[in-house]
Amino acid sequence: MNELVLDDDLKENSWRLFKTQKNGYKLYSIGYTYTVDKPVLSLVPQASKVYWKCEDRTCPGRSISCGLNPPLKLTQSHFGHEKNINRLNELETIKKLKEIALNSNEPPRTIIRKTLIEMSTESIS
Ligand SMILES: [Zn+2]
């Protein structure tokens, strides 16, 4: 097994930033997904510190980053739920769907159906 690959994989999965529909952000990091806690969304791009809270609203998990840049520093541990590494696949699928929808004349219903077929084929193989 190649340790370098594992390191790269960890690095890759410790900071995955996604834009949400309402111009917000979702940040996936090693099994946990965060939304912005502070500042207000309009100030996030130029903020020197961004405060993140766990996507699970019942969880006290919190993290901080310098602007929208890695690394992410965990300031309060997650509690009451497991890591969910499948969430990264979900976020990437949603992103993919949006990209396809933006560049396609097909109705969203058709695009979603095609992508779901593609996904289920991937998980079978
Ligand atoms: Zn949490």
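Entry 1, element order. I read the protein chain from the N terminus and got the elements in the order α-β-β-β-β-β-β-α-α. My tally for the chain is 3 helices and 6 strands. The model is predicted, and I kept that in mind for the rest of these notes.

Entry 2, confidence. I looked up the mean pLDDT of the protein chain, which is 87, with 88% of the residues at 70 or more. Which element has the lowest mean pLDDT, and which the highest? Helix H1, residues 3-13, is the lowest with 66, and strand S4, residues 49-54, is the highest with 98. Where pLDDT is low, the predicted coordinates should not be read in detail. I therefore take no detail from low-confidence parts.

Entry 3, burial and contacts overall. The protein chain has 125 residues, and I find 11% of them counted as buried. I then took the contacts with a separation of 6 or more; residues 24 or more positions apart account for 26% of these.

Entry 4, nonpolar core. Which residues make up the largest nonpolar core? I listed 9 residues: Leu27, Tyr28, Tyr32, Tyr34, Val36, Val50, Trp52, Cys54 and Leu72. Strands S2 (25-29), S3 and S4 are the elements that give two or more residues to this core. As a general note, nonpolar side chains in soluble globular proteins tend to be buried together.

Entry 5, Val36. I picked Val36 from the core list and looked up its contacts, setting aside neighbours within four places in sequence. Val36 touches Gly24, Tyr25, Leu41, Val44, Val50 and Trp52 by this criterion. Val50 and Trp52 are also on the core list.

Entry 6, Asp37. I located Asp37 in strand S3. Is Asp37 exposed, partly exposed or buried? Asp37 counts as partly exposed because it has 13 C-beta neighbours inside 10 Å, and the partly exposed class lies between the exposed limit of 12 or fewer and the buried limit of 20 or more. Outside the four nearest places in sequence on either side, I find Asp37 in contact with Tyr51, Trp52, Lys53 and Arg62. For the pair Asp37 and Arg62, 25 residues apart along the chain, I noted a C-alpha separation of 8.7 Å.

Entry 7, Pro45. I placed Pro45 in the loop between strand S3 (32-38) and S4. Why does Pro45 count as exposed? Pro45 has 10 C-beta neighbours inside 10 Å, and a residue with 12 or fewer is classed as exposed. I also checked Pro45 against Leu68: the two are 23 residues apart in sequence, and their C-alpha atoms are 6.9 Å apart in space.

Notes. Residues are numbered from 1 along each chain as its sequence is written. This is a predicted model: local features need pLDDT of at least 70, side-chain atom pairs count only at pLDDT 80 or more; totals for chains, interfaces and linings use all residues. Helices (H or I, at least four residues) and strands (E, at least two) are DSSP runs, numbered from the N terminus. Two residues are in contact if their C-beta atoms, placed from the backbone, lie within 7 Å. pLDDT is the predictor's confidence in each residue, from 0 to 100. A nonpolar core is a set of buried Ala, Val, Leu, Ile, Met, Phe, Trp, Tyr and Cys residues joined through C-beta atoms within 7 Å.
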